[in-house]
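These are my notebook entries on a single structure, kept in the order in which I looked things up. I began with one residue and its exposure, and then moved on to helices and sheets.

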Amino acid sequence: MQGTIDPRRMAHAIRFLAMDACERVGEGHPGTPLGAADLATALLTRHLKHNPADPTWFDRDRFVLSAGHGSMLLYALLHLSGYAGMPIEALRTFRELGSPCEGHPEYCPSHGIEVTTGPLGQGIANAAGMAVAEAFLSAQFGPGIVDHRCWSIVGDGCLQEGVSQEVASLAGHLRLGKLCWLWDDNRMTDDGAIGIAQSEDMPARFRAANWQVLEVDGHDIEAVDAALALTRHDPRPSFVACRTLIGRGLPGVEDTRAAHSGRLTRALTDAARRALNWPHPPFTVPEDVGAAWRAAGRRSLPEYQAWQARVAALPAEQRRRLDRLRDGRLPEGWQDGLRTYARKAAEQGLTQHGWKTCGEIVDLAAAAIPEMLAGAPDLEAATQHKRRLPAFTAEDRGGRYLHYGVREHAMGSMMNGMAAHGGVVPSGVTYLVFSDYERPAFRMAAMMGLPVLFAFTHDSIGIGRNGPTHQPVEYLAALRAIPNLLVFRPADAVEAAECWELAIAHRTGPSCLVFARQPQDAVRQEAGDIRSARGAYVLAEAENAPRAATILATGTEVALAMQARALLAAEGIAVAVVSMPCWALFERQDRAYRATVLGIAPRIGVEAAVRLGWDRWIGPEGSFIGMSGFGASGAEADLWRHFDITAETIANAVRKQCQQ
C-alpha cells in the first residue's frame with residue numbers, strides 16, 4: 001500500500017494532525033511538525049526499525065525528538081504508525097491534563113516516547129548515550145542480538161546549547177557510527193531569522209568534529225531517504241542537514257517567526273487545507289494514507305520475528321542474562337561485596353579519604369554488575385574511579401569506563417540516555433562543585449524516574465587550598481530541592497557502602513552520592529543492618545540520662561558531632577548523635593520513627609554547608625553549625641577553625657541550648 005501512495009500525502013497527514021491539535025487547544029508549537037514532516041516521513045517509513053505492537057522491543061531503533069517543543073510531530077508519527085498508546089482521541093486532547101500528548105514529550109516507552117525532551121540539547125545528548133549503550137551491549141551479545149541505530153531530530157536551539165558541542169565532540173571521537181542527527185535547518189528562531197545570533201557554518205562544525213555530514217533538501221523525501229541510507233555505511237556518526245521551511249504549508253506564516261509558536265485559527269488551517277489540497281475534516285486521515293502509514297509501521301516485522309528466533313536459540317545462560325537486562329534486574333548477590341566491605345570497614349575502624357572509599361566501592365560494584373558503565377570528566381586520578389576498569393573507546397566497545405573529557409554537561413545527559421536505553425547501569429563521578437553543569441540531567445532523570453548514579457567528591461571546605469571556587473557550600477541544598485532525587489552524604493566507609501547499595505538498588509529514580517576529599521573518621525563499629533536505609537538513625541544515644549540535646553549531622557561532620565558528644569559527656573551532659581545520610585529517605589519514614597530519632601530535646605544541626613533546609617529538622621529554636629557564606633583558601637585544618645565548624649563549637653552550642 002505504501003508504494004502506491006504519494007509520500008507527500010503521508011507527510012501532510014502529520015501536518016494536519018499537528019495543525020488540528022494546536023488549533024483545538026489554542027496553543028502549541030506547529031512550526032517544527034509542519035517543517036519537519038517530510039524528513040520525519042522518510043525516517044519513519046523507510047529507515048526506523050521498530051514494532052508498534054511491541055514498543056519496548058529491546059533491539060528497536062531509538063528515536064528521540066530533541067526539539068521537544070514540536071511534540072505534535074512525535075505524537076502524529078506514533079499515532080499514524082499504529083502505537084496503541086496514541087489513538088486519535090489522545091491527539092484530540094493535546095496539552096490537556098491527563099493526556100498522553102503532553103506539551104513536551106514525557107518519557108513513556110510503552111507509548112513510543114523514549115525520553116522526556118523540552119530543555120533543548122538534552123535529547124541529542126540522550127541519543128548519544130543510547131548509542132554508547134548499544135555499542136557496549138552489541139560487544140557483549142553480538143550484532144545478532146543487539147544491532148540498532150539511534151536517530152534524533154534536532155533544531156537550531158539544540159545546536160546552540162553548549163551541551164551539543166560537548167556531545168558532538170565526544171561522539172565523533174568515539175566514532176558512534178549508529179548515531180544520526182537530522183537537523184531541521186529552517187533558519188528561524190522564536191526571535192527571528194537565525195542570523196540575528198548565529199553565523200557559523202554548522203556543517204563545517206560537524207565535519208571538524210569527525211562526523212559524516214550530508215546536506216539535503218528537507219522537503220524532498222527521496223533525497224532524505226537516500227541520505228539516511230548513506231549513514232549506514234560510514235563508521236562515523238552522521239549529521240544530516242535538512243534544509244526546511246518552518247511552518248511549511250501555512251499560507252502567510254510559513255518561513256516566518258510566527259510559525260514557531262503562533263496561535264492557529266480555523267481560517268488559517270482552512271487556508272492550509274486549500275493550499276495543500278487536503279479536503280478532509282480535522283483529525284481525519286484518509287483511509288489510503290492511514291493504511292500506508294500502518295503498513296510502514298509493520299515494515300520491521302520480519303526483522304522482529306527473526307530477532308525473536310535468534311533470542312530463543314541463545315544458550316540458556318546468555319538468554320537469562322539478556323532477559324535480566326531487558327527487565328532491568330541486577331545480578332543475584334550483587335550487593336555481597338559491598339556488605340563484606342562494610343563489615344571489614346567496621347571491624348577495622350577504617351579511616352581514609354572519602355574519594356578513595358567511593359572509588360573502592362565502585363570497583364566492587366562494577367565487578368559484581370557487569371553492565372555497569374562508569375566514567376568521569378578528566379578526573380580519573382583525582383577520584384580513583386577507573387581503577388581496574390578498561391576504557392570504552394572507538395576501538396574497544398567492551399570497555400567499561402568512559403573518558404568524557406572536561407564535559408560534565410555531556411556526561412550527565414548521556415548517562416540519562418544510557419539508562420533510558422536499558423541494559424546498562426550508568427555511573428559518573430566529578431567534584432561536587434561541578435555538579436551544576438549536570439543539573440539539567442539530574443532534573444530530567446528525576447522526572448523520568450531513571451536509575452542513574454551520580455557520584456561526587458570534594459564536598460566542602462575540607463578540600464582546603466583550592467579555595468572558595470571549589471568549595472561547594474550551597475550545593476547540597478540545591479540537590480535536595482529536586483523531587484525524586486536521593487541525595488546521600490555518608491559519614492564513613494560503612495555508611496558509604498550502605499548508601500551505594502541503596503542507590504544501586506533504587507530503580508525508580510536517580511541518586512547523588514556525595515563524598516569528602518579529606519579523611520573520613522570511622523563512626524560505625526557495626527555493619528549488620530543497613531541503618532542508612534531509613535535516611536537517619538540514632539548513631540549514639542544519650543547515656544545514663546534523658547537527652548539534653550540531639551546533634552544531627554551528615555558526612556565528615558558526624559565525627560565532629562561524636563567528638564562533641566564525648567566532650568559533653570565528660571561534663572555530665574547527655575547528648576544523642578543522629579547521622580542523616582539521606583534526608584529524602586528519612587522523610588519517607590513514619591511519624592513515630594522520625595519522632596523517636598529526633599527526640600524532644602533541643603537540636604543542633606551540623607553540616608559544612610548553608611543552613612537552607614535544616615530548619616525542618618532542628619526546628620525554629622534549633623542551632624546550626626555550618627557555613628553562612630563562601631569558603632576561603634587555606635589549609636584544611638585552618639579552615640575548619642576559621643569557620644567555627646569544630647567539636648568545641650558544637651559543644652558550646654549544646655551548652656547554650658541547655659542554659660535556655
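Before the first entry I fixed my terms: a residue is buried under 20% relative accessible area, exposed over 50%, and partly exposed in between. I also noted that this is a predicted model.

**Entry: A258**

I looked up A258 and found it in helix 11, which covers residues 258-261. Its relative accessible area is 40%, and since partly exposed covers the values between 20% and 50%, A258 is partly exposed. I then checked its position against I246, which is 12 residues away in sequence, and read a C-alpha to C-alpha separation of 9.3 Å.

**Entry: R534**

Where is R534 found? I located R534 in the loop between strand 13 (519-520) and strand 14 (537-540). With a relative accessible area of 34%, R534 is partly exposed. Leaving aside neighbours within four places in sequence, I listed L585, F586, Q589, D590 and Y593 as the residues in contact with R534. For Y593 I also noted the spacing: R534 and Y593 are 59 residues apart in sequence, and their C-alpha atoms are 9.2 Å apart in space.

**Entry: helix 1 and helix 3**

I next turned to helix 1 (residues 7-25) and helix 3 (residues 37-46), which pack with their axes 9 Å apart and at an angle of about 110°. Angles of 65 to 115 degrees count as roughly perpendicular, and helix 1 and helix 3 are therefore roughly perpendicular to each other. The crossing of helix 1 past helix 3 is right-handed. On the helix 1 side I found P7, M10, A11, I14 and R15 making the contact, and on the helix 3 side A37, D38, T41, T45 and R46. Sorted by class, this contact of helix 1 with helix 3 has 5 nonpolar, 2 polar and 3 charged residues.

I then asked how many residues of helix 3 are buried. Helix 3 is mostly covered, with 9 of its 10 residues buried, and I wrote these down as A37, D38, L39, A40, T41, A42, L43, L44 and T45.

**Entry: helix 17 and helix 22**

A second helix pair that I looked up is helix 17 (residues 354-368) with helix 22 (residues 493-505), whose axes lie 10 Å apart and whose packing angle is about 45°. Helix 17 and helix 22 are therefore oblique to each other, and their crossing is right-handed. In helix 17 the residues T357, C358, I361, V362 and A365 meet A493, A496, A497, W500 and I504 of helix 22. By class I recorded 9 nonpolar residues, 1 polar residue and no charged residues in the contact of helix 17 with helix 22.

**Entry: strand 1 and strand 2**

Strand 1 (residues 62-65) runs parallel to strand 2 (residues 150-154), and 4 bridges join them. In this pairing I found R62 opposite C150 of strand 2. Which residues of strand 1 point one way, and which the other? R62 and V64 point one way, F63 and L65 point the other way, and all are buried. In a regular strand the side chains alternate between the two faces of the sheet.

**Entry: the sheet of 6 strands**

I traced an open sheet of 6 strands in the order 8-7-9-10-12-11, with parallel pairing. Strand 8 (401-403) and strand 11 (486-488) stand at the edges with a single partner strand each, so one side of each is left without a neighbour in the sheet. From one strand to the next, the twist averages 20°. Within this sheet I looked at strand 9 (residues 425-431) and strand 10 (residues 453-457), which run parallel and are joined by 5 bridges; the bridge partner of V429 in strand 10 is A455.

**Entry: the sheet of 5 strands**

The last sheet I traced is open, with 5 strands in the order 14-16-15-17-18 and mixed pairing. Strand 14 and strand 18 (623-625) are its edge strands, each pairing on one side only. Neighbouring strands here are turned by 30° against each other on average, direction ignored. Strand 15 (residues 549-553) pairs with strand 17 (residues 603-606) in the parallel sense over 4 bridges, and T550 stands opposite R603 in strand 17. Finally I noted helix 23 (residues 557-569), which lies across strand 14, strand 15, strand 16 (575-579) and strand 17 and runs at about 175° to strand 16.

Conventions:
Residues are numbered from 1 along each chain as its sequence is written. This is a predicted model: local features need pLDDT of at least 70, side-chain atom pairs count only at pLDDT 80 or more; totals for chains, interfaces and linings use all residues. Side-chain values use heavy atoms; hydrogens and water are left out. Buried means under 20% relative accessible area, exposed over 50%, partly exposed in between (1.4 Å probe, protein chains only). Helices (H or I, at least four residues) and strands (E, at least two) are DSSP runs, numbered from the N terminus. Two strands pair if DSSP finds at least two bridges between them. Axes are lines fitted to C-alpha atoms, for helices over the stretch in contact, and angles run from 0 to 180 degrees between N-to-C directions. Angles under 35 degrees count as roughly parallel, over 145 as roughly antiparallel, 65 to 115 as roughly perpendicular and the rest as oblique. A crossing is left-handed if the near helix is turned anticlockwise from the far one by less than a right angle, and right-handed if clockwise. Contact means heavy atoms within 4.5 Å. Ala, Val, Leu, Ile, Met, Phe, Trp, Tyr, Cys and Pro count as nonpolar, Asp, Glu, Lys and Arg as charged, and the others, Gly among them, as polar.
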